[in-house]
Amino acid sequence: SCQKLSDIWKSSLQRSIRIKLIIATVELILFHESETWTLTKRLEKQIDGMYAQILRMVQKISWQSHTTKNIE
């Protein structure tokens with residue numbers, strides 16, 4: 001789980017290094033075999049939300065300070 005890496009996300013590592021770690025770990029695992037998925041609007045919205053949450057965590061942005069995006 002991404003929460004298990006929270007010590008790394010909250011660390012004093014440079015932001016660019018934390019983002020590279022996301023690409024090397026979370027992104028590769030998340031999208032492994034994704035070409036075989038049936039991508040529905042609901043699943044797309046869930047993936048976008050989860051990915052945005054990870055990026056906020058890595059950039060140390062509180063969930064309370066972000067704006068939401070309505071997808072219909």
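A residue counts as buried when its relative accessible area is under 20%, as exposed when that area is over 50%, and as partly exposed in between. The views described below all show a predicted model.

**Figure 1. Arg15 in helix H2 and its distance to Val58.** Arg15 is found in helix H2, and because its relative accessible area is 48%, it is classed as partly exposed. In sequence Arg15 is separated from Val58 by 43 residues, yet in space the C-alpha atoms of Arg15 and Val58 are 7.3 Å apart. Val58, for its part, is buried and belongs to H3.

**Figure 2. The chain as a whole, built of three helices and zero strands.** Read from the N terminus, the elements of the chain follow the order α-α-α. Of the 72 residues in the chain, 18% are buried, and the accessible surface of the chain amounts to about 5,900 Å², with carbon and sulfur atoms contributing 56% of it. Among the contacts in the chain with a separation of 6 or more, 48% are accounted for by residues 24 or more positions apart.

**Figure 3. The largest nonpolar core, made up of six residues.** The members of this core are Trp9, Ile22, Val26, Ile54, Met57 and Val58. At least two residues of the core are supplied by each of H2 and helix H3, the latter covering 41–58. The largest share, three residues, comes from H3.

**Figure 4. Helix H3, its span and its buried residues.** With 18 residues at 1.5 Å a residue, H3 should span 26 Å, and the C-alpha atoms at its ends are indeed 26 Å apart, so the expected and the computed values agree. The 26 Å expectation rests on multiplying 1.5 Å by one less than the number of residues in the helix. Ile47, Ile54, Arg56, Met57 and Val58 are buried in H3, and the buried residues of this helix pack against H1 and H2. After H3 comes Lys60, a residue whose phi is positive, near 60°.

**Figure 5. A nonpolar patch on the surface, formed by Ile8, Leu13 and Ile17.** Taken together, Ile8, Leu13 and Ile17 have about 210 Å² of accessible area. Leu13 is placed in the loop that lies between helix H1 (6–9) and helix H2 (15–30). Because its relative accessibility is 36%, Leu13 counts as partly exposed.

**Figure 6. Phe31, in the loop between H2 and H3.** At a relative accessibility of 34%, Phe31 falls into the partly exposed class. Phe31 and Ile47 are 16 residues apart in sequence, while the distance between their C-alpha atoms is 9.8 Å. Ile47 itself is one of the buried residues of H3.

**Figure 7. Leu43 in helix H3 and its contacts with Trp37 and Thr38.** Leu43 lies in helix H3, where its relative accessibility of 25% means that it counts as partly exposed. When neighbours within four places in sequence are left aside, Leu43 is in contact with Trp37 and Thr38.

Technical notes. Residues numbered from 1 in each chain as written. Predicted model: local features only at pLDDT ≥ 70, side-chain atom pairs only at ≥ 80, totals over all residues. Heavy atoms only, no water. Patch = residues over 30% accessible without salt bridge, like charges linked within 9 Å, V, L, I, M, F, W, Y side chains within 5 Å. Areas by Shrake-Rupley, 256 points an atom, 1.4 Å probe, with all protein chains shown as cover. Salt bridge = Lys/Arg side-chain N within 4 Å of Asp/Glu carboxyl O. Helix = DSSP H or I, 4+ residues; strand = E, 2+ residues; numbered from the N terminus. Buried < 20%, exposed > 50% of the residue type's maximum accessible area, 1.4 Å probe, protein only. Core = buried A, V, L, I, M, F, W, Y, C linked by side-chain atoms within 4.5 Å. Contact = heavy atoms within 4.5 Å.
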